[in-house]
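Please read the following report on a single protein chain with its sequence and model side by side. It begins with one residue and then widens to the whole chain before returning to a few chosen places.

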Amino acid sequence: MDINIKAIHFDITEKLTAFIEKKVDKFTRHYPAVATVDVSLKVVKPETALNKQAIVRMAVPGEELVADKTADTFEEAIDLSLEALEKQLERNKNKK
C-alpha cells in the first residue's frame with residue numbers, strides 16, 4: 001500500500017508525517033482492499049480558526065473515494081477525513 005503526503009505552501013513536520021502514516025496504516029489494516037492513499041494538506045485563510053484542510057483520496061478496486069475536511073488542526077482534519085472514508089467504504093462494501 002502506497003501513502004503519498006503532500007503539504008501545499010508549507011513545510012510538514014516529521015511528527016505530523018508520522019501521525020498520518022500511523023493513522024492510515026491502522027485504517028488500512030481494517031480495509032486491506034485500499035491500494036493507495038493520497039493526503040493533501042493546506043492552510044486556508046491563515047487568519048481564521050478552522051483553517052487546516054485535509055483532502056484524503058483512497059484508491060480501492062473499482063473506484064476512488066475522497067474526503068475533504070477542515071478543522072483547527074491537521075490531526076483533527078485527518079481523523080474526520082478517515083471517519084468519512086470509513087463510512088464510504090462501509091456503504092461501498094454493502095452495495096456489493
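## A residue in the opening strand

Leaving out residues up to four places away in sequence, Ile 3 touches Glu 21, Val 24 and Val 37. Ile 3 itself is found in strand S1, and the coordinates discussed here and below belong to a predicted model. With a relative accessibility of 28%, Ile 3 counts as partly exposed, because that class takes in the values between the buried limit of 20% and the exposed limit of 50%.

A distance helps to place this residue in space: the C-alpha atoms of Ile 3 and Ala 49 are separated by 28 Å, and the two residues are 46 apart along the chain.

## The chain as a whole

The protein chain has 2 helices and 4 strands, and, when they are followed from the N terminus on, these elements run in the order β-α-β-β-β-α. Along its principal axes, the C-alpha trace of the protein chain spans about 45 × 25 × 20 Å. For 96 residues, a compact globule would have a radius of gyration near 12 Å, and the 13 Å of the protein chain agrees with this.

Of the 96 residues, 32% count as buried, while the area that the protein chain exposes comes to about 6100 Å², with carbon and sulfur atoms supplying 49% of it. If one takes the contacts between residues at least 6 apart in sequence, 46% of them join residues at least 24 apart. As for charge, the protein chain carries 16 positive and 17 negative side chains, and the centres of these two sets lie 4 Å apart.

## Two loop residues with positive phi

His 9 has a positive phi of about 65 degrees, although it is not a glycine. This residue lies in the loop between strand S1 (2-8) and helix H1 (14-30), and, since its relative accessibility is 81%, His 9 counts as exposed.

Leu 50 is likewise not a glycine and has a positive phi, here of about 50 degrees; its place is in the loop between strand S2 (36-43) and strand S3 (52-60). When neighbours within four places in sequence are set aside, Leu 50 is in contact with Val 44, Thr 70, Ala 71 and Asp 72. Thr 28, by contrast, is 22 residues from Leu 50 in sequence and 27 Å from it in space, counted from C-alpha to C-alpha.

## A buried serine

Is Ser 81, a residue of helix H2, buried or exposed? Its relative accessibility is 0%, and therefore Ser 81 counts as buried, since the limit for that class is under 20%. Apart from its neighbours within four places in sequence, Ser 81 is in contact with Ala 54, Val 56, Ala 67 and Lys 69.

## How far to trust the model

The mean pLDDT of the protein chain is 92, and 99% of its residues reach 70 or more. Among the elements, confidence is lowest in helix H2 (residues 74-95), where the mean is 91, and highest in S2, where it is 96. A general caution applies to any reading of this kind: where pLDDT is low, the predicted coordinates should not be read in detail.

Conventions:
Residues numbered from 1 in each chain as written. Predicted model: local features only at pLDDT ≥ 70, side-chain atom pairs only at ≥ 80, totals over all residues. Heavy atoms only, no water. Buried < 20%, exposed > 50% of the residue type's maximum accessible area, 1.4 Å probe, protein only. Rg over C-alpha atoms; globule rule 2.2 N^0.38 Å. Contact = heavy atoms within 4.5 Å. Areas by Shrake-Rupley, 256 points an atom, 1.4 Å probe, with all protein chains shown as cover. Lys, Arg positive; Asp, Glu negative; His and termini not counted. Charge placed at Lys NZ, Arg CZ, Asp CG, Glu CD. pLDDT = per-residue confidence, 0-100.
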